[in-house]
Amino acid sequence: MLLVRGEASGTALTGTLYEPGDDPPSFEGAPDEGAPYVWVCDAFYEVESGGQVQQIGDREINVAFESPSPRGFEVRERAVEAAKEHVRTQFQRIGVSAGDVTIAITES
């Protein structure tokens, strides 16, 4: 199992990439067990009101979360690239440049 963590503007987001031999997620909407690599991570976006208040750099924003949408992949490299892209996209959705996101991958 790999943890893919993005950090920028004083906040972070971590998702999980399940690999062959890991116990894959089994909740409703999880991809078929036949996918050797499964990426699971929260998705969020900025909202005018409601949600959770989040400190991003020197500003506070309201953030709403979507249900995680697991994605299955056949090839590890493609799964890792998709995970990095997902994390960067979440930061872009709250006004942080993708280039400002530092990505770290650790084995768990």
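This briefing walks through the sheets, the helix and the core of one protein structure. The model is predicted. One open sheet has 5 strands, and another open sheet has 3 strands. Helix α1 packs on the sheet of 5 strands. The largest nonpolar core has 22 residues.

**The sheet of 5 strands**

- The strand order is β7-β3-β2-β1-β8, and the pairing is antiparallel.
- Strands β7 (71-73) and β8 (102-107) are the edges, so each pairs on one side only.
- From one strand to the next, the twist averages 25°.
- Helix α1 packs on this sheet and touches β1, β2, β3, β7 and β8. The direction of α1 makes about 30° with that of β1.
- Strands of a sheet pair through backbone hydrogen bonds, either parallel or antiparallel.

**Strand β3 and its partners**

- Strands β2 and β3 run antiparallel and are joined by 3 bridges.
- Two residues can be placed across from β3: Leu17 stands opposite Trp39, and Tyr18 stands opposite Val38.
- On β3, antiparallel pairing with β7 also spans 3 bridges. Here Trp39 has Arg71 of β7 as its bridge partner.
- In a regular strand the side chains alternate between the two faces of the sheet.
- Which residues of β3 are buried on each side? Tyr37 and Trp39 are buried on one side, and Val38 and Val40 are buried on the other. Both faces of β3 are therefore covered.

**The sheet of 3 strands**

- Its order is β4-β6-β5, again with antiparallel pairing.
- The edge strands are β4 (43-47) and β5 (52-56), and each pairs on one side only.
- The twist averages 50° from one strand to the next.
- Between β5 and β6 there are 5 bridges, in the antiparallel sense. In one of these strands, β6, Ile61 is the bridge partner of Gln54.

**The nonpolar core**

- In soluble globular proteins, nonpolar side chains tend to be buried together.
- Inside the largest nonpolar core, the residues with the most contacts are Leu17, Trp39, Val87, Phe91, Ile94 and Val96.
- At least two core residues come from each of β1 (2-8), β2 (11-18), β3 (37-40), β6 (59-66) and α1 (76-92).
- Which element gives the largest share of this core? Helix α1 does, with 6 residues.
- Val87 is in contact with Val4, Gly6, Leu13, Trp39, Val101 and Ile103, leaving aside its neighbours within four places in sequence.

**His86 in helix α1**

- His86 is found in helix α1.
- Is His86 buried or exposed? His86 has a relative accessible area of 16%, and buried means under 20%, so His86 is buried.
- Leaving aside neighbours within four places in sequence, His86 is in contact with Trp39, Cys41, Asp42 and Ala43.
- Trp39 therefore turns up in the contacts of His86 and in those of Val87.

**Ser9 in a loop**

- Ser9 is found in the loop between β1 and β2.
- Ser9 has a positive phi of about 50°, although it is not a glycine.
- The relative accessible area of Ser9 is 35%, so Ser9 counts as partly exposed.

How values were computed. Residues numbered from 1 in each chain as written. Predicted model: local features only at pLDDT ≥ 70, side-chain atom pairs only at ≥ 80, totals over all residues. Heavy atoms only, no water. Core = buried A, V, L, I, M, F, W, Y, C linked by side-chain atoms within 4.5 Å. Buried < 20%, exposed > 50% of the residue type's maximum accessible area, 1.4 Å probe, protein only. Helix = DSSP H or I, 4+ residues; strand = E, 2+ residues; numbered from the N terminus. Contact = heavy atoms within 4.5 Å. Axes fitted to C-alpha atoms, helices over the stretch in contact; angles between N-to-C directions.
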